[in-house]
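User: Please take a close look at a single part of this model, the largest pocket, and then set beside it whatever else can be said about the chain.

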Amino acid sequence: MYLKNLILLVALLSTPIAAALTYKGVDWSSLLVEEKAGKSYKTTSGTVQPLETILKSSGVNTVRQRIWVNPSDGNYNLDYNIKLAQRAKAAGLQIYLDFHYSDTWADPGHQATPAAWKSLAKDALVKQVYDYTKTVMDTFQKNGIPLSLVSIGNEITTGLLFPIGQLSKSDGYKNAAALLHSASSAIKDSTISPKPKIMIHLDNGWNWGTQQSWYDKILASGGGLTTADFDVQGVSYYPFYNSAATLSSLASSLANMAKKYNKEVQVVETDWPTYCPSPAYAFPADAKAIPLSVDGQTTWMKTVAEKVKGIGSLGTGLFYWEPAWIDNAGLGSSCPYNLMVSDSGAAMASLAVFGSI
């Protein structure tokens, strides 16, 4: 009996235990916009607290924030991001800065060059990206704000800074590679210390074909981008835009990325609805058992976290996109409610999932 118990104990001790993710976070870019509109946030027990305090106590360790070049209303510009990042730093949260390289939203369908840069030829635009990126990094350093992650572009599956960096155009891959190499060089040449990890971010993280084709073509384009220019491959992964976006496809895509490119891999945007009566697309088959509820959000995040951790030490992060944007509860989807707070700003139980992933 003693020997039997000893064998059982050894077996238990030798069973690998999945480590917590290095980066457990949320995008909180719209916080200052919401506060200006009179919104406030509460704990699950109803106590009003700064959102950063609620996030930290819920297990979040990193906040993601988008930066636009020259937005018409000033929201999400450099000054806005410094103010937001100062609060994150004071709360003990790491910061992940997401360059859009636009005056507005940048995503696969929209990568508009900033108005002030539109007349620039390719080489001048490459230099402008370097100068702007370096200025942003140096400004964070001057304000004593460290950055853990920096994404050089947001969902750039179709390219960036259109039309010069548009992949469907002549020399699109070569031009996009030059722009990305310039952005990476600017971060490395800046005064910011310690240096943040540099990320490239595409959408449709479940689609290995998309990921492989994009990286192989841009790295072979002759535009100067090499694997030394980035440390992390970030992906977006949403369940409500394509029925083919299965959890199993995500797992195999992430595993293939890590195996082929040997970079850290993170799911940097995901959501799960608590209400979705008329989805525009069918949900993936292996996600249909997850309820559309607060408990479902917890299950979704734990499940996606396991897919990220399942690739081993290179699976390092998971971020929920804008869980506290009260004035935009649908978050651009056909599901009316995807937040992790109520419409009164009270934290939902699902927010606590970050303490366990």
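Analyst: A pocket is here an open set of grid points, where a 1.4 Å probe fits, with protein on both sides within 12 Å along at least five of seven lines. In this predicted model, the largest pocket has a volume of about 540 Å³. Its lining is made up of 26 residues, of which D107, E155, Y238, Y241 and E269 are the closest to the pocket centre. Sorted by character, the lining of the largest pocket comprises 11 nonpolar, seven polar and eight charged residues.

Turning from the pocket to the covalent links, the model contains one disulfide, which is formed by C276 and C335 with their sulfur atoms 2.1 Å apart. This pair joins distant parts of the chain, since C276 sits in the loop between strand 7 (264-269) and helix 9 (294-309), while C335 belongs to the segment after strand 8 (315-320), 59 residues apart. The link of C276 and C335 is left-handed, with -65 degrees about the S-S bond, and both of these cysteines are buried.

Strand 8 also holds G315, and this glycine counts as buried because its relative accessibility is 10%, where the cut-off for buried is under 20%. Leaving aside residues up to four places away in sequence, G315 touches L21, V265 and V308. A further pairing across the sequence is that of G315 with T22, which are 293 residues apart along the chain and yet 8.6 Å apart in space, C-alpha to C-alpha.

Note on methods: Residues are numbered from 1 along each chain as its sequence is written. This is a predicted model: local features need pLDDT of at least 70, side-chain atom pairs count only at pLDDT 80 or more; totals for chains, interfaces and linings use all residues. Side-chain values use heavy atoms; hydrogens and water are left out. On a 1 Å grid over the protein atoms alone, a cavity is a set of points where a 1.4 Å probe fits but cannot get out, and a pocket is an open set with protein on both sides within 12 Å along at least five of seven lines; lining residues have an atom within 4 Å of a point. Grid points are joined across faces, edges and corners, and a volume is the space filled by probe spheres set on the points. Ala, Val, Leu, Ile, Met, Phe, Trp, Tyr, Cys and Pro count as nonpolar, Asp, Glu, Lys and Arg as charged, and the others, Gly among them, as polar. A disulfide is a pair of cysteine sulfur atoms within 2.5 Å. Helices (H or I, at least four residues) and strands (E, at least two) are DSSP runs, numbered from the N terminus. Buried means under 20% relative accessible area, exposed over 50%, partly exposed in between (1.4 Å probe, protein chains only). Contact means heavy atoms within 4.5 Å.
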